[in-house]
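These are my notebook entries on a single chain. I set down what I looked up, in the order in which I looked it up.

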Amino acid sequence: SRPLHRSAIRDSLKLQQPVKDIFTPEPGINEQLGLKVLVAEDNQVNARLASLLLRKMGCEADIAGNGSEAIRMHQQHAYDVILMDCQMPVIDGYEAARRIRALEATSPVATPPCGIIAMTASAFPGDRARCLEAGMDDYLAKPFNSSFLRLILSRFVHKKPSLQEQASNEAVHSARSQLEKQIGKDATRELIDIWLIETPQRLEMIRQAVEEGRNEAARKAAHALRGGCSIFGLTGIQDCCRVIEDEVRQSKPLTKTHVEKLIREIEKGMKSLSAEA
């Protein structure tokens, strides 16, 4: 099923401990993805940066300089994901995505469609709708960092879910079903879109507050994030936020570990929501 949302949620963790290279995988968070990715981008600097980030994530990366070249390379290689710049010469990203989907639909070989992630200069709800109409799966606003990119790509790594992940998916499914009964499917999707836009902002507020030692600001941001998770059954995120709130109330210091755990739970929550698409 197609991921229904944009989610650019995880951020680089530059806290009180010595900062690692942003390209260095962190155990349990930045595991190697092993995807074959095509970067369709006419800006050579952006294309080179994306390819470097991808290779550090354990992905194989090729570059196409325009939409026409992206279509040709898609026909020649089996890519798991295409990172598609929307504004390219010859054929733009929207039209390239439409033609790729048309080729997949008429292909005599039964292969799963590749993921297509739009790379845009903005991030508004209307952009997401235009990308989905063109046949894309998600979109990523530029400029982006390695953690944002990795979060989106991780949804295209096909792994058997653990028992805990299955339980999380079931909780999200149950919560969403109840919500759809109350307000309808369209309104439920709208609420999810709002949550997906607000969550990166709230996470960044928490990360910065922890980094700067502003525990009360971190507590308030965690409280706001927790409240938005309840209607979707995202209990793991709620638990992490509750821990942050309790630590601050007890005058205990917040550390990088609190943010890391929250990031992991947000990623799990995004995967659960994706399974509902």
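Entry 1, contacts and overall make-up. I began with contacts between residues at least 6 apart in sequence, and found that 68% of them join residues at least 24 apart. The model is a predicted one. I recorded 10 helices and 5 strands in the chain. Of the 277 residues, 48% are buried.

Entry 2, the sheet. I looked up the strand order and read 2-1-3-4-5 for an open sheet of 5 strands with parallel pairing. Strand 2 (60-64) and strand 5 (138-141) form the edges, each pairing on one side only. From one strand to the next, the twist averages 20°. I then examined one pairing in detail: strand 3 (residues 81-85) joins strand 4 (residues 115-120) in the parallel sense over 5 bridges. Within this pairing, L83 has I117 of strand 4 as its bridge partner.

Entry 3, helices on the sheet. I noted that helix 2 (residues 67-76) packs on the sheet, where it touches strand 1 (36-40), strand 2 and strand 3. The direction of helix 2 makes about 140° with that of strand 2. Helix 3 (residues 93-106) lies across strand 3 and strand 4, and runs at about 150° to strand 3.

Entry 4, helix 2 against helix 3. I next asked at what angle helix 2 and helix 3 pack. The angle is about 20°, and their axes are 9 Å apart. Angles under 35 degrees count as roughly parallel, so helix 2 is roughly parallel to helix 3. I listed the contact residues as G67, I71, H74 and Q75 of helix 2, with A96, R99, I100, L103 and E104 of helix 3. By class, this contact of helix 2 with helix 3 has 4 nonpolar, 3 polar and 2 charged residues. I recorded the crossing of helix 2 past helix 3 as right-handed.

Entry 5, a residue in strand 1. I chose V39, which lies in strand 1. Is V39 buried or exposed? Its relative accessibility is 0%, so V39 counts as buried. Leaving aside residues up to four places away in sequence, I found that V39 touches A47, A50, L54, D62, I63, A64, L83 and M119. I also looked up the separation of V39 and M119: they are 80 residues apart in sequence, and their C-alpha atoms are 9.8 Å apart in space.

Entry 6, helix 5. I asked how many residues of helix 5 (residues 146-154) are buried. The count is 9 of the 9, so helix 5 is largely enclosed by the rest of the structure. The buried residues of helix 5 include F148, L149, L151, I152 and L153, and also R150.

Entry 7, helix 7 against helix 8. I closed with helix 7 (residues 185-212) and helix 8 (residues 215-229), whose axes come within 8 Å and cross at roughly 155°. The two helices are therefore roughly antiparallel to each other. Helix 7 passes helix 8 in a left-handed crossing. On the side of helix 7, I listed W195, T199, R202, M205, I206, A209 and V210 as making the contact. On the side of helix 8, the contact residues are A217, A218, A221, A222, A224, L225, G228 and C229. I sorted the residues of this contact of helix 7 with helix 8 into 12 nonpolar, 2 polar and 1 charged.

Terms used
Residues numbered from 1 in each chain as written. Predicted model: local features only at pLDDT ≥ 70, side-chain atom pairs only at ≥ 80, totals over all residues. Heavy atoms only, no water. Axes fitted to C-alpha atoms, helices over the stretch in contact; angles between N-to-C directions. Parallel < 35°, antiparallel > 145°, perpendicular 65-115°, else oblique. Left-handed = near helix turned anticlockwise from the far one by under 90°. Contact = heavy atoms within 4.5 Å. Nonpolar A, V, L, I, M, F, W, Y, C, P; charged D, E, K, R; others polar. Pairing = 2+ DSSP bridges. Buried < 20%, exposed > 50% of the residue type's maximum accessible area, 1.4 Å probe, protein only.
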